[in-house]
Protein chains: 2
Amino acid sequence: MLSNTNNELLAKGSERHDHERCISDALIRAQKLCQDQKQRLTRTREQVLRLIWQSHQPVGAYSIMDTLAESEGKRVAPPTVYRALDFLLDLGLIHRINSLNAYIGCQSPGHQHHSCFLICQQCQLALEFEPELLKNQIEALQQHSGFAISQQNIELLGTCPQCQQ
Amino acid sequence: MLSNTNNELLAKGSERHDHERCISDALIRAQKLCQDQKQRLTRTREQVLRLIWQSHQPVGAYSIMDTLAESEGKRVAPPTVYRALDFLLDLGLIHRINSLNAYIGCQSPGHQHHSCFLICQQCQLALEFEPELLKNQIEALQQHSGFAISQQNIELLGTCPQCQQ
DNA sequence: ATTTGCTGTGTTATATTGTAACACAGCTAA
DNA sequence: TTAGCTGTGTTACAATATAACACAGCAAAT
């Protein structure tokens with residue numbers, strides 16, 4: 001039901017998963033997707049994606065900007081970051097968490113691009129889950145309301161297992 | 001399943017419902033809620049609520065500010081509006097639509113305050129639905145993830161029946 | 001290899017949304 | 001009537017995002 005196995009997911013809040021692997025996998029998926037779609041994963045875009053994948057907490061655009069400026073050793077202006085973010089959003093490589101004005105890596109880019117997250121209000125851990133879980137209910141909602149739903153944007157706020165302890 | 005009967009709901013996009021009644025009902029509910037909770041529905045707060053209820057489309061804070069300034073005949077500063085909005089949000093009288101940075105009246109204030117909307121990307125009609133509909137699935141999600149979910153923030157984007165024609 | 005055009009970047013300025021901080025007004029309860 | 005709390009006015013500013021324009025640099029076609 002969730003994006004990966006439970007163990008993997010629960011591990012994200014802790015130190016238990018191989019995060020280097022997590023990042024490099026994401027970058028490889030991105031490269032592959034760009035090849036397939038004949039898009040260019042330029043240095044800036046890749047850097048921004050890498051920064052976003054540094055954690056499983058959503059990061060703000062200005063925070064990305066600052067980190068990027070530091071690692072590049074020169075000032076980086078907002079449009080630079082926002083262009084990269086727009087590119088990544090368009091390809092479905094990242095999601096925007098509206099309730100936090102922040103961005104987070106997508107587990108399975110290339111799919112129909114719904115955005116479904118469990119978000120911890122204490123540590124900001126954001127856990128993506130499959131829209132599949134709500135499929136039938138959303139379908140019923142479409143039928144009853146007459147709406148044609150094209151994008152799900154679901155943010156469930158609460159407390160993650162780690163922070164409950 | 002939806003907040004009202006289907007007919008009423010579907011009518012909101014069109015001219016078919018008695019919108020004056022819709023507004024005055026909302027204001028009466030607000031007055032009652034404030035009485036119960038021993039809160040003061042001041043002139044500014046009531047004005048803001050009334051403006052928000054002018055339509056079933058979410059309105060931005062600065063748009064409220066401008067309209068208010070016009071109707072009051074004098075400049076209104078952002079904090080004035082944001083304070084009223086915060087008050088109304090706290091009481092559950094309105095919702096914030098995060099994907100639009102905008103605010104909309106709540107159909108049934110006083111309930112556990114989840115925010116579940118169908119939003120038309122063409123006309124911005126925002127239709128609230130009952131979180132009840134997804135209750136079982138959210139419950140299952142809590143079980144599997146270990147998260148304790150305290151607030152649902154669901155925005156389903158698409159096209160309303162009117163705009164599909 | 002050169003040209004041509006498109007895509008991406010740099011830069012400046014500015015728009016939009018939301019808050020902090022502080023002084024004061026005005027209601028409410030003793 | 002006063003004391004204290006809640007709400008408002010006002011100024012300044014923070015945080016997030018975009019417009020517009022000049023230029024760079026890759027990529028396909030000649």
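Q: A polar contact is a pair of N or O atoms within 3.5 Å. Which residue has a side-chain N or O atom 3.2 Å from a base nitrogen of DNA strand C?
A: This is a predicted model, and the distances here are computed from it. A separation of 3.2 Å from a base nitrogen of DNA strand C falls within the cut-off of 3.5 Å. The side chain that supplies the N or O atom is that of B:Arg83.

Q: Which elements give two or more residues to the surface near DNA strand C?
A: Phosphate oxygens of DNA strand C have polar side-chain partners too: one lies 3.1 Å from a polar side-chain atom of A:Arg45, and one is 3.3 Å from a side-chain N or O atom of B:Tyr103. Both chains supply elements with two or more residues to this surface. They are helix H3 (43-52) and H5 of chain A, with helix H4 (61-72) and H5 of chain B.

Q: Which element gives the most residues to the surface near DNA strand C?
A: There are 20 residues around DNA strand C, and the nearest are A:Thr42, A:Arg83, B:Tyr62, B:Tyr82 and B:Arg96. By class, the residues of this surface divide into 8 nonpolar, 4 polar and 8 charged. The top contribution is 4 residues, and the element that gives them is H5(B).

Q: What is the distance from a base nitrogen of DNA strand D to an N or O atom in the side chain of A:Arg83?
A: A:Arg83 is one of the residues that come nearest to DNA strand C. Its side chain also has an N or O atom in reach of a base nitrogen of DNA strand D. That separation is 3.3 Å.

Q: Which elements give two or more residues to the surface near DNA strand D?
A: Side chains of both chains approach phosphate oxygens of DNA strand D: a side-chain N or O atom of A:Tyr82 is 2.8 Å from one, and a polar side-chain atom of B:Thr80 lies 3.5 Å from one. The elements with two or more residues in this surface likewise come from chain A and chain B. They are helix H4 (61-72) and helix H5 (78-90) of chain A, together with helix H3 (43-52) and helix H5 (78-90) of chain B.

Q: How many residues does H5(A) give to the surface near DNA strand D?
A: DNA strand D is surrounded by 20 residues, the closest being A:Tyr62, A:Tyr82, A:Arg96, B:Thr42 and B:Arg83. The surface divides into 8 nonpolar, 4 polar and 8 charged residues. H5(A) has the largest share, at 4 residues.

Q: What percentage of the atoms of DNA strand D within 4 Å of the protein belong to sugar or phosphate?
A: The atoms of DNA strand D within 4 Å of the protein are split between bases and sugar or phosphate. Bases account for the rest once sugar and phosphate are counted, and the sugar or phosphate part is 46%.

Q: Which element of chain B gives the most to the side that touches chain A?
A: The area buried between chain B and chain A is about 3,200 Å², with 68% from carbon and sulfur atoms. The count between the two chains is 0 salt bridges, while 13 residue pairs are in polar contact. Helix H1 (6-11), strand S3 (115-120), helix H6 (135-145), strand S5 (148-159) and helix H7 (161-164) of chain B each supply at least two residues of the side that touches chain A. With 12 residues, the element that gives the most is S5(B).

Q: How many bridges join strand S5 of chain A to S5(B)?
A: Strand S5 (residues 148-159) of chain A runs antiparallel to S5(B). One pairing matches A:Thr159 with B:Ala148. The number of bridges that join the two strands is 11.

Q: Which residue in the hairpin of S1(B) and S2(B) takes a positive phi?
A: Strand S1 (residues 94-97) and strand S2 (residues 102-105) of chain B run antiparallel and are joined by 4 bridges. Within that pairing, B:His95 has B:Ile104 as its bridge partner. The hairpin has 4 residues between the strands, and the residue with a positive phi, near 45 degrees, is B:Asn101.

Q: Which residue forms a salt bridge with A:Arg21?
A: The structure holds 8 salt bridges over all chains. A:Arg21 and its partner both lie in helix H2 (residues 19-37) of chain A, 4 residues apart, about one turn of the helix. With the closest N and O atoms 3.2 Å apart, the partner is A:Asp25.

Note on methods:
Residues are numbered from 1 along each chain as its sequence is written. Chains are lettered from A and ligands numbered from 1 in the order in which they are written. This is a predicted model: local features need pLDDT of at least 70, side-chain atom pairs count only at pLDDT 80 or more; totals for chains, interfaces and linings use all residues. Side-chain values use heavy atoms; hydrogens and water are left out. Buried area is the accessible area (1.4 Å probe) that two parts lose on being put together, summed over both. A salt bridge is a side-chain nitrogen of Lys or Arg within 4 Å of a carboxyl oxygen of Asp or Glu. A polar contact is a pair of N or O atoms within 3.5 Å; within protein, one must be able to donate a hydrogen and the other to accept it, and residues adjacent in sequence count only if both atoms are side-chain atoms. Two strands pair if DSSP finds at least two bridges between them. A residue is near a molecule or strand if one of its heavy atoms lies within 4 Å of it. Ala, Val, Leu, Ile, Met, Phe, Trp, Tyr, Cys and Pro count as nonpolar, Asp, Glu, Lys and Arg as charged, and the others, Gly among them, as polar.
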